Amino acid sequence: MKHYDNIIIGFGKAGKTLAATLASHHEEVLIIEKDAMMYGGTCINVACLPTKNLILNAQKGVSFDQAFEAKNKMTSKLRNKNYHKVADQETATVLNADAEFVDDKTIKVTDDSGEEMLTADRIFINTGSTPIMPSIEGLSESKHVFASREMLDQSKQTQNLAILGSGPIGLEFASMYAQFGSNVTVLAHDAQLLRRVEPEAAEMATTDLEEDGIKFAFNSVLSSVEDTDDGVKLTYQQGDETKVIAADALLVATGRQPNVADLHLENTHIKQGKRGEIVVDNKLQTSVETIWALGDVNGGPQFTYVSLDDWRILNNQFYGDQTRTLDNRPVYPTTTFLKPALASVGLTEAQATEKGLNFIVKSMAAAGVPKAQVIGDPRGMYKAILDAKDHTILGMTIYAEEAYETINLITTAMSHHISADELRDQIYSHPTMTEALNDLFA
Ligand SMILES: Cc1cc2nc3c(=O)[nH]c(=O)nc-3n(C[C@H](O)[C@H](O)[C@H](O)COP(=O)(O)OP(=O)(O)OC[C@H]3O[C@@H](n4cnc5c(N)ncnc54)[C@H](O)[C@@H]3O)c2cc1C
Ligand SMILES: NC(=O)c1ccc[n+]([C@@H]2O[C@H](COP(=O)([O-])OP(=O)(O)OC[C@H]3O[C@@H](n4cnc5c(N)ncnc54)[C@H](O)[C@@H]3O)[C@@H](O)[C@H]2O)c1
C-alpha cells in the first residue's frame with residue numbers, strides 16, 4: 001500500500017492552493033481529482049469565471065456563439081494553467097481518479113486501470129458541492145432540465161429559458177440569457193429576488209431585469225414538469241391560480257449541497273451535519289484528528305474566496321502563528337453579477353433593527369455619481385448602515401455600476417474600523433464610482 005505525507009481529495013480552490021503550498025515547503029502531496037475537465041475546480045471550469053465571461057460578453061453585445069467559444073477557450077487555458085501550477089512542483093503528484101474512504105487512514109482510488117489503496121499522515125477533503133434537485137413531478141425524468149453545469153455546456157442558445165430559483169445562480173443566468181436576447185421566465189418561491197438583500201435594492205433590480213425582458217413569477221410553486229416535442233411544459237401554483245408555461249429548457253438553481261456522496265464517510269469516524277456537510281472545528285479539523293475539510297463541503301458559505309480563506313486558516317496553522325480560525329474570519333462581501341451588479345456586506349437595515357443596534361441610514365441614488373453618467377447606466381442606489389455614535393460601517397448595499405469594486409473598499413474599511421467620515425474625506429480618482437462615498441457619507 002502506497003503511503004503519502006499528505007493526500008488532498010478534490011482540486012478545488014482550497015485544495016489546489018494547499019497542494020502548491022505544501023509542495024513549496026518540500027512536503028510530499030498527492031492531489032486526487034476525479035474529473036480531468038475539472039483541474040482547478042468548479043469556479044474556473046463551470047461556475048464563477050465562465051458565467052462572468054459569458055455575462056460580460058452578453059453585455060458587450062457579442063453573439064451567443066462567439067461568447068460560448070470564448071468561454072470554452074478561457075476555461076481550457078485556465079484548466080491547463082491550474083494543472084501545471086500543482087503538477088510541475090517537485091514533490092506534488094496529480095492523480096485523475098475517484099477517491100473514497102475505506103477507513104480513517106485509507107483511501108481507495110479507482111480509475112480505468114483499476115483500484116489502489118493509499119494511506120496518508122494527513123488527509124484534506126475539498127470535494128465542493130452539488131446542485132440540489134427538488135423533488136417535483138417529472139423533473140428528474142425530463143430531457144430538458146439542467147443544472148448550471150449542464151446549462152453552461154449548451155452550445156446552442158436556448159431561446160425560451162425558464163429558471164427555477166431567484167438566488168445568484170438563477171439571476172446571473174437570467175440576466176445573461178436576457179442580454180443574449182432570449183426570453184427568460186424566473187419561477188421563485190420567495191417573495192423577492194436574493195432573499196437576504198435590502199428590499200429596496202431587490203425591488204430596483206427586479207424592475208431593471210423586467211425592463212431587460214425577464215418575467216418573474218414570485219411566490220410560485222412549480223408542481224410538475226412535462227416534456228413536450230421541443231421542450232418542457234411547466235405547471236405552477238401562484239396563490240390560488242394554477243398557471244402553465246412552455247419553455248425550451250428549465251434551469252434548476254435551487255441551491256447546492258456539500259458533495260459527500262461518493263466519499264463513503266460511513267467507513268470513517270468523520271461526523272456529518274444535517275445537510276450532509278462535514279462537521280469541522282474552528283481550524284477546519286474534522287472529528288478525525290488527521291483529516292480536515294475545506295471549501296463548500298464543510299457547509300460554510302459557498303464562495304471561492306471563502307474556500308481560499310479556508311486555505312489561509314490551514315496555511316496559518318501549519319506555517320504561521322496558529323491564530324487564524326473561523327472565529328476571527330474577517331467580514332466579506334457578496335456580489336451578484338447583474339446589470340448593474342448588486343453587492344452587499346455586513347448588516348441590512350432589518351438585521352440592524354433586529355439586533356437592537358443604535359444606527360443611522362445613509363442612502364443615495366447611483367445617478368448622482370458622475371461616472372454612472374459616463375458609463376451610461378445611472379440605475380441603482382447606495383445604502384449604508386452606520387453606527388450612530390462613531391459612524392463605523394455596520395453594513396452596506398450597492399446596486400450600481402462597479403458595485404463589485406466599491407464593495408471591496410467598504411469591506412476593507414469595515415475590517416479595519418475605518419469610519420464613514422474618513423471615507424467621506426478621502427480623495428478618490430475621478431471619474432470613478434468610488435466617488436459616491438464622498439457624497440453618500442456627507
Ligand atoms: C454557476 C455558479 C456560479 C458561481 N459563481 C461564483 C462567483 O461568482 N463567485 C464566487 O465566489 N463563488 C461562486 N460560485 C461558488 C463557487 O464556485 C464555489 O463556492 C467554489 O467553487 C467551491 O470550491 P471548493 O474549493 O469547495 O471546491 P470545488 O472547486 O468545487 O472543487 C471540488 C473538486 O473535487 C472533485 N471531487 C469531488 N468528489 C471527488 C472524489 N470523490 N474524488 C476525487 N475528486 C472529487 C470535483 O470534481 C471538483 O473538481 C458559483 C457557483 C456556481 C455553481
Ligand atoms: N456571484 C456569486 O458570488 C455567486 C454566483 C452564483 C452562485 N454563487 C454561490 O452558489 C450558491 C448556490 O447558488 P443558488 O442560486 O443555486 O442557491 P441559493 O440557495 O443562493 O438560492 C436558491 C434559491 O432558490 C429558491 N428555491 C429553493 N427551492 C425552490 C423551489 N423548489 N422552487 C423555487 N425556488 C426554490 C430558494 O428560496 C433560493 O432563493 C450561492 O448560495 C452562492 O454561495 C455565488
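**Reasoning about a predicted model**

Me: What makes a residue part of the group that surrounds ligand 1, and how many residues surround ligand 1?
Reply: In this predicted model, 35 residues surround ligand 1, and the closest are Gly10, Gly12, Gly41, Gly128 and Gly295. The cut-off is a C-beta atom, placed from the backbone, within 6 Å of the molecule.

Me: Which elements each supply at least two residues of the shell around ligand 1?
Reply: They are α1 (13–24), β2 (29–33), α2 (42–46), α3 (48–60), β4 (98–101) and α8 (304–319). The most comes from α8, with three residues.

Me: How do the residues of the shell around ligand 1 divide into nonpolar, polar and charged?
Reply: There are 14 nonpolar, 14 polar and seven charged residues in that shell. Gly counts as polar here.

Me: How many helices and strands does the protein chain have, and why is the chain called as compact as a globular protein of that length?
Reply: The chain has 13 helices and 22 strands. Its radius of gyration is 23 Å, and the globule rule gives 22 Å for 442 residues; the two values are close, so the chain is as compact as a globular protein of that length.

Me: What makes a residue count as buried, and what share of the protein chain does so?
Reply: A buried residue has 20 or more other C-beta atoms within 10 Å of its own. Of the 442 residues, 42% count as buried.

Me: How do you know where the dimerisation domain lies?
Reply: That comes from UniProt, where an unreviewed entry places "domain: Pyridine nucleotide-disulphide oxidoreductase dimerisation" at residues 333–439. In the model, this span is 32% helix and 29% strand, with its end C-alpha atoms 22 Å apart.

Technical notes:
Residues numbered from 1 in each chain as written. Chains lettered and ligands numbered in written order. Predicted model: local features only at pLDDT ≥ 70, side-chain atom pairs only at ≥ 80, totals over all residues. Helix = DSSP H or I, 4+ residues; strand = E, 2+ residues; numbered from the N terminus. UniProt positions renumbered as here; feature names shortened; annotations may be inferred. Rg over C-alpha atoms; globule rule 2.2 N^0.38 Å. Buried ≥ 20, exposed ≤ 12 C-beta atoms within 10 Å, placed from the backbone.
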